[in-house]
Structures are given as C-alpha cells and as structure tokens.
Amino acid sequence: MRRLTRTVATAALATALALVSACSSGSDSADDAKGGDGKLEKVTYLTSFGNFGRDSYAWVAKDKGFFKEAGFEVEIKAGQGTGGVIQTVVGGQADFGPIDLTGGLLQLGNGQAKDFTAVAAIQQRTMAGIATVEGKNISSPKDLEGKKLADTPGSVVRNLFPTYARLAGVDATKVTWVNGEAQNLIGTLANGSVDGIGQFVVGQPTIEAAAKKKAVMLPYSNVMQDLYGNVLITSSKTAKEKPEMVKRFTAALLKGLEYSLANSKEAADILKKNVDATNPVSAAAELELMAAYVRSGNTGTAIGTLDSGRVAKSIAILQGAGALKQNITPEQIIDFSLAPKA
C-alpha cells in the first residue's frame, strides 16, 4: 500500500512538472511575449504624419493596454511623412511606423530608400490628395496650375504629384511647391500663405475647423485606382530576425485601429489626453471618414491584409507613368508571410 502511494505521488509530480514545462515553453505565454524575462520590450513607433485623428489608433492601442498585453512598452513619436518615417526606421531611431505604400514604391523604385519592409495595410485605398478651401478658385486638378502648394519634402502627396498631374492632365511645371512641417500645414493653408496643401482626404474636418471655411479636396484616388493607403513598416533586419515580435506588435496595433473605428469619440478623447493640441470633434470625424478606406478593397474583410496582385497593379501604374527608374516586385517591399491573412 505504501509503495502504491509513492507510485501515485511520483506520477502526479511528473504530470505537474510536465504541465509547468509546457506552459513555460509555449509561444503564447506571458513571459515569452515579454522577451522571456517578464520585462516589457521597449519599442519606438512613429505616426504617419503628425498627430491627427487618423493616427489616433496607436495612442488607443497604448491607452487600452493592447501593446502591454502583447509584451511592449511603446513610445509614440510624430512622423513627418513617408520619406521621414522610412529614414527614421531604417536608421534605427524607430522600430515601426506607417508610410503610404505608393510613396514607398516610389522611394524604392527610384533608389531613394531601401532596407524597409511592409507587414500590414492600414488603409486599403490611398487617402493622398490636395486640399484647399473655398475662395482659392480650385475645384478641379487643372485649376492647380499657377498655384502655390505646401507639403513636407518626403510626403507621398508631393512625391506622387508628377504622376497624378500627368494622369489628370495638369502641367506640373506650372505648380509651385514650398516646404512645410506636418503639424503646421493646415495652419499655413488657413492663414492664406498658400493656395493648397498635401493632405490625406480625411483631414477635411480638421481643415474646416482651423480655416473656418469649407474645404475642397482633390483625392488622388479619383485618377489612380487600386493604390493602397498607409502600410505598417519595420526595418528589413527586424522583419527577418524577429518575425514573431513583428506579428505581435502588428496584431496589437491593428486591434487599436479596429477599436478606434468602432469608438471614434473615445479614440479622439484618448488622443486629446496625449496630444493637447487635438480638436476631439475633428479627430473623431477623421476616424469616421477613414473607416471606408480601412475596410475597402478586394483583399477580404480582415483589417491589415495585403494582396500581391493589387500591389503589382500599383507598380504597373507607376511604371506606365514613367515614375519608376527601375523594375521592382511586390515581394521587394512586402513580407507577405508577416501580413494578416484575408
């Protein structure tokens, strides 16, 4: 009887140790998500372009604990457009950030940037465009001739403008561009210093609140179909060496995006809490306008998906317009194994 008791106890102990071992070695364990030592992994994230409602989902992911649940302590900094985000991520000063995919294709295809990898879509359709206000006599692309526009040097709106102009029948040589900073562009338009600015079309509510005038938007998507909007990027080195970390971060960020679209007013309040200059009404309105861009497209209903065929079409549009100096493929800019599945 005593021998039987010892046998049962030994078996029970072995089972318990096996369970503990299985839990500690599981890839979904809390310690594994935190780097194996229980500590949160520090990550720097750049917004796409300043701190507007359209970028509030990152602040939401941080405020609601989505990043922490995934094992990250995230510092969020304001980005300065596609070129600036790529440069900062590739240079190692940030780990992740969103860029306009078309802008990324232009940078890669013209030898201006390399060593970055897209891992998820933020918007399934480009939001790039030119914004102005009533009274500037701009109601169509052709009206931009003879006008002065402002944008950051690395913005996709500015870099894609020659292609947009060619397809829209505009003489790009008759349009003057001046430099501006992301957070100041709307103010520059509102005070009358320029006739228009490079801006995502969802910025309309923020422009109208600042300028006290009705905004006039010229979306690039009216003349260029099939172009994606923002995509999340990281360095090619990080994508190759830390694929599981990239997937965890991506999932947490997209969770923040989905929550923000479903709770736009709360998301705007969270942004206001972190960025004092925020206009919560305008920020919420931007998110509501952005929802159609995040969920549209032919890649299924899952947020974040990317389709190789659509990216190839985008490349073909740019090549047809003579905007790329070298041939590129979708796989050179996107790691489809890391992107969410449709």
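Glycine 129 stands opposite glutamine 199 in strand 10. That pairing is a good way into this predicted model.

**Strand 7 and its neighbours**

Glycine 129 belongs to strand 7, which spans residues 128–133. How many of the residues of strand 7 are buried? The count is 6 of 6, so the strand is mostly covered, where buried means under 20% relative accessible area. Its side chains alternate in direction: Ala128, Ile130 and Thr132 point one way. Gly129, Ala131 and Val133 point the other way.

Strand 7 pairs with strand 10 in the antiparallel sense. It also pairs with strand 11, residues 215–219, again in the antiparallel sense. On that second partner, leucine 218 is the bridge partner of isoleucine 130.

**Strand 5 and strand 12**

Strand 5 covers residues 97–100. Gly97 and Ile99 point one way from strand 5. Pro98 and Asp100 point the other way. All four of these residues are buried. Strand 5 runs antiparallel to strand 12, which holds residues 230–235. Within this pair, aspartate 100 stands opposite asparagine 230.

The table lists the strand pairs.

| Strand pair | Sense | Bridges |
|---|---|---|
| Strand 5 and strand 12 | antiparallel | 4 bridges |
| Strand 7 and strand 10 | antiparallel | 4 bridges |
| Strand 7 and strand 11 | antiparallel | 5 bridges |

**The cavity**

Now to the empty space. Rolling a probe the size of a water molecule over the atoms shows where such space is left. The structure holds 1 cavity of 30 Å³ or more. The largest cavity contains about 120 Å³ of space.

Which residues lie nearest the centre of the largest cavity? They are Phe49, Gly81, Ser155, Val156 and Phe200. In total, 15 residues line the largest cavity. By type, the lining divides into 6 nonpolar, 7 polar and 2 charged residues.

Three elements each supply at least two residues of this lining. They are strand 5, helix 7 (156–168) and strand 10 (196–200). Two of these have appeared already. Strand 5 is the partner of strand 12, and strand 10 is a partner of strand 7.

**A buried threonine**

Threonine 250 lies in helix 11, which runs over residues 243–262. Is threonine 250 buried or exposed? Its relative accessibility is 3%, so threonine 250 counts as buried. The cut-off for buried is under 20%. What does threonine 250 touch, leaving out residues up to four places away in sequence? Its contacts are Val119, Ala120 and Leu232.

Note on methods
Residues are numbered from 1 along each chain as its sequence is written. This is a predicted model: local features need pLDDT of at least 70, side-chain atom pairs count only at pLDDT 80 or more; totals for chains, interfaces and linings use all residues. Side-chain values use heavy atoms; hydrogens and water are left out. On a 1 Å grid over the protein atoms alone, a cavity is a set of points where a 1.4 Å probe fits but cannot get out, and a pocket is an open set with protein on both sides within 12 Å along at least five of seven lines; lining residues have an atom within 4 Å of a point. Grid points are joined across faces, edges and corners, and a volume is the space filled by probe spheres set on the points. Ala, Val, Leu, Ile, Met, Phe, Trp, Tyr, Cys and Pro count as nonpolar, Asp, Glu, Lys and Arg as charged, and the others, Gly among them, as polar. Buried means under 20% relative accessible area, exposed over 50%, partly exposed in between (1.4 Å probe, protein chains only). Contact means heavy atoms within 4.5 Å. Two strands pair if DSSP finds at least two bridges between them.
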